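Student: I should be grateful for a close look at a single helix of this model. Please explain how it is built and what surrounds it.

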Amino acid sequence: MTGCVFAQLCAHIGVKFEDFTPKENLEMNKKMKKYINLLPPSFNSGTVLDLRTGMERADACYKLRYPAAVHDNIVLIWGFQSGLSAKDMKGCICKVFGPASVTTVFSIDSTAVLIQFSKQESVNDFMDLKATLEKQDSAISLLHPLSTILEGGQTRAANYDTYRDICSSSVTKYFFADQANAVCSASDTELRGENVDAGDALGTNSVLDETAHTLVKHAEGTKHCSKKQDATDISCQDILDALQDGKTLFGKQTRRT
């Protein structure tokens, strides 16, 4: 594999092996000299590591491939129709927000892309427009440039923080869209669970009210039965008895439901 990569790189910079004699030293070749023992630490770093000195320096041959990532300007889109390329999506968005609105489109796989806008406010504008078009069922929404991306009704979008959460999740799927749906569905379930718990709590409010009412009635009965006892002087036993009555009411309510 290393030999294949080396041969492809030589072909890329114009080194032809058939022009060399067996005794010729490749290190002395002018075209190869500026690449030997220089290792880029990453694809888009703009620097190289000189293996002879161990020092990292700027790469004179570097050409900017992608602009710097600005997380607040990035939108994650997944679940769109298959066959829709990143270039097609950029074209659709640029028709709405302008030709310079999108700086980068990074394809995660065939089911998801990351789109970086040139302006941060475009992220919210895109999300709001997507929600509006999905709610409408009119000729305008069908003819809108974004309808190509939203076709099928399964397209979802989120900010970069959601992308980070999906990637850090323990859920693993082959396609990113499947993983994103699984992670987001789990989050939605947790939220629905919290709402159900809140509803259950509201459902028991009547029982708790009955318990409080019983406590007040028991306290008032004790006050009338004991003339020597002060109106606010309620014994611990009175409170325990009232709570016991409330527990009985709660059990009856649970059996009825």
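Tutor: The buried residues of helix α3 are Met89, Cys92, Ile93 and Cys94. The model is a predicted one, and buried here stands for under 20% relative accessible area. An α-helix has 3.6 residues a turn, so residues three or four places apart point the same way. With that in mind, the numbers of the four buried residues, Met89, Cys92, Ile93 and Cys94, may be read along the helix.

The cover over the buried residues of α3 includes both strands and helices. Among the strands are β4 (74-78), β5 (102-109) and β6 (112-117); the helices include α4 (121-135) and α6 (147-150).

As for its dimensions, α3 runs over residues 86-97, twelve residues in all. From the first C-alpha to the last, α3 reaches 16 Å, close to the 16 Å expected at 1.5 Å a residue. Just after α3 comes glycine 98, which takes a positive phi of about 110°.

For orientation, two other parts of the model may be noted. One is an open sheet of three strands in the order β1-β2-β3, paired in the antiparallel sense. Its edge strands, β1 (38-39) and β3 (55-58), each pair on one side only. Between β2 (residues 47-50) and β3 there are four bridges, and aspartate 50 has methionine 55 of β3 as its bridge partner.

The other is the largest pocket, with a volume of about 1000 Å³. Its lining has 29 residues, and α1 gives the largest share, six residues.

Methods
Residues are numbered from 1 along each chain as its sequence is written. This is a predicted model: local features need pLDDT of at least 70, side-chain atom pairs count only at pLDDT 80 or more; totals for chains, interfaces and linings use all residues. Side-chain values use heavy atoms; hydrogens and water are left out. Two strands pair if DSSP finds at least two bridges between them. Helices (H or I, at least four residues) and strands (E, at least two) are DSSP runs, numbered from the N terminus. On a 1 Å grid over the protein atoms alone, a cavity is a set of points where a 1.4 Å probe fits but cannot get out, and a pocket is an open set with protein on both sides within 12 Å along at least five of seven lines; lining residues have an atom within 4 Å of a point. Grid points are joined across faces, edges and corners, and a volume is the space filled by probe spheres set on the points. The expected span of a helix is 1.5 Å times one less than its number of residues. Buried means under 20% relative accessible area, exposed over 50%, partly exposed in between (1.4 Å probe, protein chains only). Contact means heavy atoms within 4.5 Å.
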